[in-house]
Amino acid sequence: MKSVLAIILGGGAGTRLYPLTKLRAKPAVPVAGKYRLIDIPVSNCINSEIFKIYVLTQFNSASLNRHIARTYNFAGFTEGFVEVLAAQQTPENFNWFQGTADAVRQYLWLMEEWDVDEYLILSGDHLYRMDYRQFVQRHRETGADITLSVLPIDERRASDFGLIKIDDSGRIINFSEKPKGDALTKMRVDTTVLGLTPEQAQEQPYIASMGIYVFKRDVLVKLLKEASERTDFGKEIIPDASKDYNVQAYLFEGYWEDIGTIEAFYHANLALTKQPQPPFSFYDEQAPIYTRARYLPPSKILDCQITESMIGEGCILKSCRIERSVLGVRSRIEAGCVIQDTLIMGADFYQPFAERQSDCETKEVSLGIGANTTIRRAIIDKNARIGCDVQIVNKDNVQEAERENQGFYIKNGIVVVLKNAVIPDGTII
């Protein structure tokens, strides 16, 4: 794997994940209580013995830079690195990244300095565990110019992805980016060629691209240099290349979730609490997911009732009820609270006298969740201050609402409280 360079695409402004991306890049969004999205592809690379990793980003990259600098330091005896490349102006190019392919094109001069055979292109907002060694091995065995990682998919989600058709040898003969209507119907295939049973093939009659690619070095350089107007891999580069190049499909058989929307992000996080076996596990010793070591104290749980939940380190929970929820690092829940089906991202710091008494008499709203508050079906971003006797339950079942000046949004019926928001005592949402 020394001859592979990984390029992780940090995505654009992350509008579908707004307001979680208001103050941070998409790959820096916290996930599963203590990780960030970027930890997933970087950990997959490290576990696959790929140690040359660039992360391309252009929006709000300060917290992402800080996280990567604090987390991924390889010893000085290797060529390994994880480095953020932010969009910048150069004499040749005054523009921001115009798309996935354009982002790589603008930094191609830097990629070409490395003596590698393949470029592995990954996305920064997927939740999955994958051994890229098998992926690259398949690419080499088939003599492919480009290999796409694919998975079978059902009709309901098919139009959200790039869909492909393959021949008997696994070569891609047709590619359509997010087709709708008749164009979608034309992309139906018999997925038994991928090894599915007839019943599974009936349920999943489409083959979706995961947005994960391996390119031969020379092929990527040629494709990017010969047509500078093509700015996107999924929409332009790969569909055009499939006519003249050997573009192969690699079937991925594990759990994979694109968590680029609030609804998908919410469900993927809460799915981690499922019993007895969640669809994705952070407890795999063979392929761990790495993140920053914070050296926090253990969580303190005082007379609480907790079911099907994950609690990050450094939390203080008092006489509360927590059901099917994920609590991030340094979460603080006061007495009498009920938290159900909720993702609380925690805090970046403790207030002075963190182990103070619960106090609803003071005017100031403290960091964390105040006493006798009920929260259901919500995402509470970091450092939020939620007062006492607050009800965040979406009582009118509103599906969409934009209340940024009041500190929250509602998307798909999920209440999202903004980072650093203050929700006063007695508020009902």
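This passage walks through the salt bridges, nonpolar cores and a few local features of a predicted model.

Salt bridges come first. The count comes to 24, and a handful are worth a look one by one. D381 pairs up with R24, with the closest N and O atoms 2.9 Å apart. D381 sits in the loop between β23 (374-380) and β24 (385-386), while R24 sits in the loop between β1 (4-9) and β2 (30-31), so this salt bridge ties together parts that are 357 residues apart in sequence. Both partners are tucked away from the surface: D381 is buried at 2% relative accessibility, and R24 is buried too, with a relative accessible area of 4%.

E313 and K34 also meet through their side chains in a salt bridge, at 3.6 Å from N to O. Here again distant parts of the chain are linked, 279 residues apart: E313 belongs to the loop between β16 (310-311) and β17 (316-318), and K34 to the loop between β2 and β3 (35-36). As for accessibility, E313 counts as partly exposed at 25%, and K34 counts as partly exposed at 26%.

The salt bridge between E79 and K52 has its closest N and O atoms 3.8 Å apart. E79 lies in the loop between α2 (62-71) and β5 (81-86), K52 lies in strand β4 (residues 52-57), and 27 residues of sequence separate the two. This pair is a mixed one: E79 is exposed, with a relative accessible area of 53%, whereas K52 is buried, at 7%. The cut-offs explain the labels, because exposed means over 50% relative accessible area and buried means under 20%.

Not every salt bridge has to be read as a lone pair, as E49, D131 and R133 are linked in a network of them. E49 turns up again in the backbone: just after helix α1, E49 takes a positive phi of about 65°. Helix α1 itself (residues 39-47) is mostly covered, with nine of its nine residues buried. That buried set mixes residue types, including D39, S43, N44 and N47 alongside I40, V42 and I46. P41 and C45 are buried in α1 as well.

Now for the nonpolar cores. In soluble globular proteins, nonpolar side chains tend to be buried together. In this model, the largest nonpolar core has 66 residues, and F265 and I379 are the ones that touch the most other members. Helix α11 (residues 262-271) supplies the largest share of this core, six residues. Leaving aside residues up to four places away in sequence, F265 touches L17, L20, V29, P30, V31, I259, L343, M345 and I379. I379 is thus on both lists: one of the contacts of F265, and one of the two residues touching the most other core members. Apart from this core lies another, of 42 residues, with F81, L108, V116 and V247 among them.

One last spot is Q98, found in the loop between β5 and α3 (100-106). Q98 is partly exposed, with a relative accessible area of 48%. The C-alpha atoms of Q98 and G195 are separated by 38 Å, with the two residues 97 apart along the chain.

Notes. Residues are numbered from 1 along each chain as its sequence is written. This is a predicted model: local features need pLDDT of at least 70, side-chain atom pairs count only at pLDDT 80 or more; totals for chains, interfaces and linings use all residues. Side-chain values use heavy atoms; hydrogens and water are left out. A salt bridge is a side-chain nitrogen of Lys or Arg within 4 Å of a carboxyl oxygen of Asp or Glu. Helices (H or I, at least four residues) and strands (E, at least two) are DSSP runs, numbered from the N terminus. Buried means under 20% relative accessible area, exposed over 50%, partly exposed in between (1.4 Å probe, protein chains only). A nonpolar core is a set of buried Ala, Val, Leu, Ile, Met, Phe, Trp, Tyr and Cys residues joined through side-chain atoms within 4.5 Å. Contact means heavy atoms within 4.5 Å.
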